[in-house]
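Reader: I'm new to reading protein models and I'd like a close look at one part of this one. Could you walk me slowly through the sheet, and then show me what sits around it?

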Amino acid sequence: MSERLTTSPQPLPQPDANLGYLFRLAHQRFRARLDSELEDLGLSAQDYGILSVFETRPQLSASELARISQVTRQTMHTSILSLETAGLVERIARNQRVVLVRPTTRGRECLQTATRRVRALGHAALADLSRQDEQTVRAWLASLAALTTSPKKEHAEPKEKS
């Protein structure tokens, strides 16, 4: 009851709010839902992200995983140790310098279950959109994800809406 008295309901964000704020809030809410969906599998959204890289690659070095996941090698090392302890990945020494990481059978099974849940969550997030609007959102997000230069360097004029 005291929580009800001290916590006021947060207003819904408005579409004309700062774009960075909307991105951050959408990411936080989606990631919290992911974490909740994956919790009983013993995975976090970050763990799922790492395991999902193995959908298209059989094995990778920790450095390659770190680059793909855009985290430091130290952060990736910690994540790999955690996934290894959970029995989801194994490390194989290729030589004295390179250690490869690959999912275990249990890790692949866990990834399949998690992927079904993640896709269902994605479908739920897009449920209110028409097929055309969904394609527009997906294309726009993909183009944002592909940006490699900072906005200061681009000097592009904003496109007019048609």
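**A close look at the sheet**

Author: Let's start with one pair of strands. Strand β1, residues 60-61, is joined to strand β3, residues 99-103, by two bridges, and the two run antiparallel. You can find both of these bridges by residue name. Leu 60 has Val 101 of β3 as its bridge partner, while Ser 61 stands opposite Leu 100 in β3. Keep in mind as you look that this is a predicted model.

Now go to the other pair. Strand β2, residues 89-93, is joined to β3 by five bridges, and here too the strands run antiparallel. One of the pairs to look for is Ala 93 with its bridge partner Val 99 in β3. Follow the chain from β2 to β3 and you pass through a hairpin, with five residues making the link.

Put the pairs together and you have the whole sheet: three strands in the order β1-β3-β2, open, with antiparallel pairing. Which strands stand at the edges? They are β1 and β2; each has a single partner strand, so one side of each has no neighbour in the sheet. While you're tracing a strand, here's a handy rule: in a regular strand, side chains alternate between the two faces of the sheet.

Next, step back and see where the strands fall in the chain. There are eight helices to go with the three strands. Read along the sequence, the pattern is α-α-α-β-α-α-β-β-α-α-α. Of the contacts with a separation of 6 or more, 45% are between residues 24 or more positions apart.

Among the helices, try α2 and α6 as a pair. Helix α2 covers residues 19-38 and helix α6 covers residues 105-126; their axes come within 10 Å and cross at roughly 145 degrees. The crossing is right-handed. On the α2 side, the contact is made by Phe 30, Arg 33, Leu 34, Glu 37 and Leu 38. On the α6 side, look for Ala 114, Arg 117, Val 118, Leu 121, Gly 122 and Ala 125. Sorted by class, this contact has seven nonpolar residues, one polar and three charged.

Ala 114 deserves a stop of its own. This residue of helix α6 counts as buried because its relative accessibility is 0%, and the cut-off for buried is under 20%. Leaving out residues up to four places away in sequence, Ala 114 touches Leu 38, Leu 41, Leu 43 and Tyr 48. Another residue to find from here is Ser 52: it is 62 residues from Ala 114 along the chain, yet their C-alpha atoms are separated by 9.2 Å.

For a second buried residue, move to helix α5, residues 73-85, where you'll find Ser 79. Its relative accessible area is 8%, so Ser 79 is buried as well. Again leaving out residues up to four places away in sequence, Ser 79 touches Gln 46 and Ile 50.

Finally, how do those two residues fit into the full picture? Of the chain's 162 residues, 21% count as buried. The accessible surface of the chain comes to about 12,600 Å², and 53% of that belongs to carbon and sulfur atoms.

Methods: Residues are numbered from 1 along each chain as its sequence is written. This is a predicted model: local features need pLDDT of at least 70, side-chain atom pairs count only at pLDDT 80 or more; totals for chains, interfaces and linings use all residues. Side-chain values use heavy atoms; hydrogens and water are left out. Helices (H or I, at least four residues) and strands (E, at least two) are DSSP runs, numbered from the N terminus. Buried means under 20% relative accessible area, exposed over 50%, partly exposed in between (1.4 Å probe, protein chains only). Contact means heavy atoms within 4.5 Å. Accessible areas come from the Shrake-Rupley method with a 1.4 Å probe; for residues, only the protein chains shown count as cover. Axes are lines fitted to C-alpha atoms, for helices over the stretch in contact, and angles run from 0 to 180 degrees between N-to-C directions. A crossing is left-handed if the near helix is turned anticlockwise from the far one by less than a right angle, and right-handed if clockwise. Ala, Val, Leu, Ile, Met, Phe, Trp, Tyr, Cys and Pro count as nonpolar, Asp, Glu, Lys and Arg as charged, and the others, Gly among them, as polar. Two strands pair if DSSP finds at least two bridges between them.
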